[in-house]
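Reader: I should be grateful for a close look at one part of this structure, namely its last long helix and the surroundings against which that helix is set. Please proceed from there to whatever else helps to place it.

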Amino acid sequence: MDKYLSIITNFGCHGRCPYCIVRENGIKVPKSTIGGLDKLEDAIKMTGANIVSISGGGDPLYRYSDNPLVPMYLGMVMGICIKAGIPMEMHTSYTESEFPYHFCKRVVYHLQSVEDLENVVRRGAEIVRVVFVATEKLSREEINRISDFVRCSDQIDELSFRQMVNDRYETEYYNDDFLKAGHNKGLWHYIRQKDYNIYYAENRIYTKFSEIEADIQEER
Ligand code: SF4
């Protein structure tokens, strides 16, 4: 079974996700630096992780082509993964970036509309997953259209819907029964919100995402 170490990056973000709860107050995770990778190798060993996932914060591929820090940082993570002999997973909303998507074991594209699915392309042998947030606006009809598209696609392997979290960090349930039923039929994965994982941000390890935010506030 995969044991994840999730690197939480903050290179900024495009601010385009309608369900975003952090845009207004800023991204409350530390800004990513090259020095913040110093303890990644030790963290992989210590946690026994067998896969590293990269997410945010903002979007890990934000300004990949014009902020040299981003490719440098991600290149270093790739090198550390190669050295540790474990694969990498990327979470992004960018379907067209110069990032070498094919390096990853899996790329998880965070999308917003049925139309976005047309832009998802497999670059190599990576597993391609798409994920949508179950917002108030995502109708059953759209869910079915997304599901039909993915079933017929030779570029997309996996489909997930994720529960919506509001700005008080509470879960909101839209189309909950319908999404559960589809999950049980094997049509998609329905991800229940849980704030538990092993996170890595700037040389520190956390077991709750909210602890990263609390840490930042303490430092202010
Ligand atoms: S990438 Fe993250 S921080 Fe940026 S708008 Fe989307 S959800 Fe919000």
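Author: The account below begins with helix α4 and then turns to its neighbours and to other parts of the chain. The model is a predicted one.

Helix α4 comprises residues 176–184, and its buried residues are D176, F178, L179 and G182. These residues cover an arc of only 165 degrees around the axis, which puts them on the same side of α4. On the other side of the helix, D177 and N184 are exposed. The cover over the buried residues of α4 includes β5 (127–134), α3 (140–152), β6 (158–165) and β8 (189–191).

The two ends of α4 may be taken in turn. Ahead of the helix, N175 occupies the loop between β7 and α4. Its phi is positive, about 55 degrees, although N175 is not a glycine. Most residues other than glycine have a negative phi. N175 is partly exposed, with a relative accessible area of 22%; the limit under which a residue counts as buried is 20%. After the helix comes G186, whose phi is also positive, near 80 degrees.

Helix α3, one of the elements that cover α4, can be described in a similar way. At 1.5 Å a residue, its 13 residues should span 18 Å, and its end C-alpha atoms are 18 Å apart, which agrees. The buried residues of α3 are I143, I146, S147 and V150. Seen down the axis, they fall within an arc of 95 degrees, so they line one face of the helix. E141 and C152 are exposed on the face turned away from that buried side. The buried residues of α3 pack against β5, β6 and α4.

Strand β6 and the loop that follows α4 are joined by an aromatic pair. Eight such pairs are found in a search of the whole structure. In this one, the ring centres of F161 and W188 are 5.3 Å apart and the planes stand at 80 degrees, so the pair is edge-to-face. F161 belongs to strand β6 and W188 to the loop between α4 and β8, so the pair ties together parts that are 27 residues apart in sequence. F161 counts as buried because its relative accessibility is 0%, and W188 counts as buried at 4%.

A second edge-to-face pair is formed by Y64 and F99, with 5.8 Å from centre to centre and 85 degrees between the planes. Here too distant parts of the chain are linked: Y64 is in the loop between β2 (51–56) and α2 (69–84), F99 is in the loop between β3 (88–92) and β4 (106–110), and the two are 35 residues apart. Both Y64 and F99 are buried. Ring pairs link these two residues with Y101 and Y109 into a cluster.

The loop between β2 and α2 has further features of its backbone. R63 is found in this loop, and its phi is near 55 degrees, a positive value in a residue other than glycine. R63 counts as partly exposed because its relative accessibility is 40%. G57 has its place in the loop as well. The peptide bond from G56 to G57 is cis, with omega near 25 degrees. Most peptide bonds are trans.

G57 also leads to the ligand, which is surrounded by C13, H14, G15, R16, C17, C20, V22, G57 and G58. The residues of this shell divide into four nonpolar, four polar and one charged.

V22, one of the residues around the ligand, is touched by Y169, which also touches I21 and E213 when residues up to four places away in sequence are not counted. Y169 lies in the loop between β6 and β7 (171–172) and counts as partly exposed at 45% relative accessibility. Y169 and S210 are 41 residues apart in sequence, with 9.2 Å between their C-alpha atoms.

L5, in strand β1 (residues 4–9), provides a buried counterpart, with a relative accessible area of 0%. Leaving aside neighbours within four places in sequence, L5 is in contact with residues including L40, I44, V52, I198 and Y200. The C-alpha atoms of L5 and N50 are separated by 7.9 Å, although the two residues are 45 residues apart along the chain.

Notes
Residues are numbered from 1 along each chain as its sequence is written. This is a predicted model: local features need pLDDT of at least 70, side-chain atom pairs count only at pLDDT 80 or more; totals for chains, interfaces and linings use all residues. Side-chain values use heavy atoms; hydrogens and water are left out. Buried means under 20% relative accessible area, exposed over 50%, partly exposed in between (1.4 Å probe, protein chains only). Helices (H or I, at least four residues) and strands (E, at least two) are DSSP runs, numbered from the N terminus. The arc is that of the directions from the helix axis to the C-beta atoms. Contact means heavy atoms within 4.5 Å. A residue is near a molecule or strand if one of its heavy atoms lies within 4 Å of it. Ala, Val, Leu, Ile, Met, Phe, Trp, Tyr, Cys and Pro count as nonpolar, Asp, Glu, Lys and Arg as charged, and the others, Gly among them, as polar. The expected span of a helix is 1.5 Å times one less than its number of residues. Rings of Phe, Tyr and Trp (its six-membered ring) pair if their centres lie within 6.5 Å; planes under 30 degrees apart count as stacked, over 60 as edge-to-face and the rest as tilted.
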